[in-house]
Amino acid sequence: MKKQPNILLTGTPGVGKTTLGKELAQQIGMTYVNIGDLAKEGNLYDGYDEEYQCPILDEDKVVDELEDRMVEGGVIVDYHGCDLFPERWFDIVFVLRTDNTQLYTRLENRGYTGKKLQDNVQCEIFQTIYEEALEAYSEEIVHQLPSNTPEDLERNLEQIVQWSQQWSKDHI
Ligand code: DAT
């Protein structure tokens, strides 16, 4: 039996998953896992994407790598995709959302240009990840969170901390 829930933070690159996830993990004593970093550390890749100039994630290896930790519970997963994970892993899924102009600036500051910048902003406009989440998980556990301002960040933190504490009380 898990003592703490597993949380998925997803959304377009730049919406604030890492910022929220790390802070949340500190506040509620959970483990933060960034899938990009995990893949890099374990070389969990399967080829290279020439168009986007980045390695291609080996999804099966990622899932195998995380399985034991997910069974334990108390894991916050951060990734800009969500249909690669087993549905049973997560008790709740948050899709962070950012206004286009804000996201554009954030990604530009990150050094994104040209097609990469445009594709990511378009991904947010078309709410691609939100729709992916609705396809992959039960609708009742998928929630969108505005992530535009520091106030949004604070509110999101408070709400998720509260939700997690309640989850733990309900699952003694
Ligand atoms: P992601 O992990 O989704 O790629 P991030 O956490 O690295 O995003 O955040 C991208 C940038 O946006 C970073 O400079 C921090 C900033 N940011 C994140 N959340 C924010 C918020 N709620 N308000 C203002 N800026 C935010």
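**Notebook: hairpin, sheet and ligand shell**

I began with the hairpin that strand 3 and strand 4 form, with four residues between them; Gln 53 in the turn has a positive phi of about 55 degrees. I take strands (E, at least two residues) and helices (H or I, at least four residues) as DSSP runs, numbered from the N terminus. The model is predicted: local features need pLDDT of at least 70 and side-chain atom pairs count only at pLDDT 80 or more, while totals for chains, interfaces and linings use all residues. Residues are numbered from 1 along each chain as its sequence is written, and side-chain values use heavy atoms, with hydrogens and water left out.

I then looked up the pairing in the hairpin. Strand 3 (residues 45-49) and strand 4 (residues 54-57) run antiparallel and are joined by three bridges; two strands pair if DSSP finds at least two bridges between them. Tyr 45 has Leu 57 of strand 4 as its bridge partner.

Next I turned to the open sheet. Its five strands pair in parallel, in the order 2-5-1-6-7. Strand 2 (31-34) and strand 7 (142-146) each have a single partner strand, so one side of each edge strand is left without a neighbour in the sheet. Neighbouring strands are turned by 20 degrees against each other on average, direction ignored; axes are lines fitted to C-alpha atoms, for helices over the stretch in contact, and angles run from 0 to 180 degrees between N-to-C directions.

I followed strand 1 (residues 7-10), which pairs with strand 6 (residues 92-97) in the parallel sense over four bridges. Thr 10 stands opposite Val 95 in strand 6.

I checked the helices on this sheet, with contact meaning heavy atoms within 4.5 Å. Helix 1 (residues 17-28) lies across strands 1, 2, 5, 6 and 7, and runs at about 170 degrees to strand 5 (75-79). Helix 2 (residues 35-42) touches strand 2 and strand 5, and its direction makes about 70 degrees with that of strand 2.

Finally I examined the ligand. Around it are 14 residues, of which Gly 14, Lys 17, Thr 18, Thr 19 and Arg 110 come nearest; a residue counts if one of its heavy atoms lies within 4 Å. An oxygen atom of the ligand is 2.5 Å from an N or O atom in the side chain of Thr 19. A backbone N or O atom of Val 15 lies 3.3 Å from a ligand oxygen atom. A ligand nitrogen atom is 3.4 Å from a polar backbone atom of Pro 150. Helix 1 gives the most to the shell, with three residues.

Notes. Polar contact = N/O pair within 3.5 Å; in protein donor to acceptor, adjacent residues only side chain to side chain.
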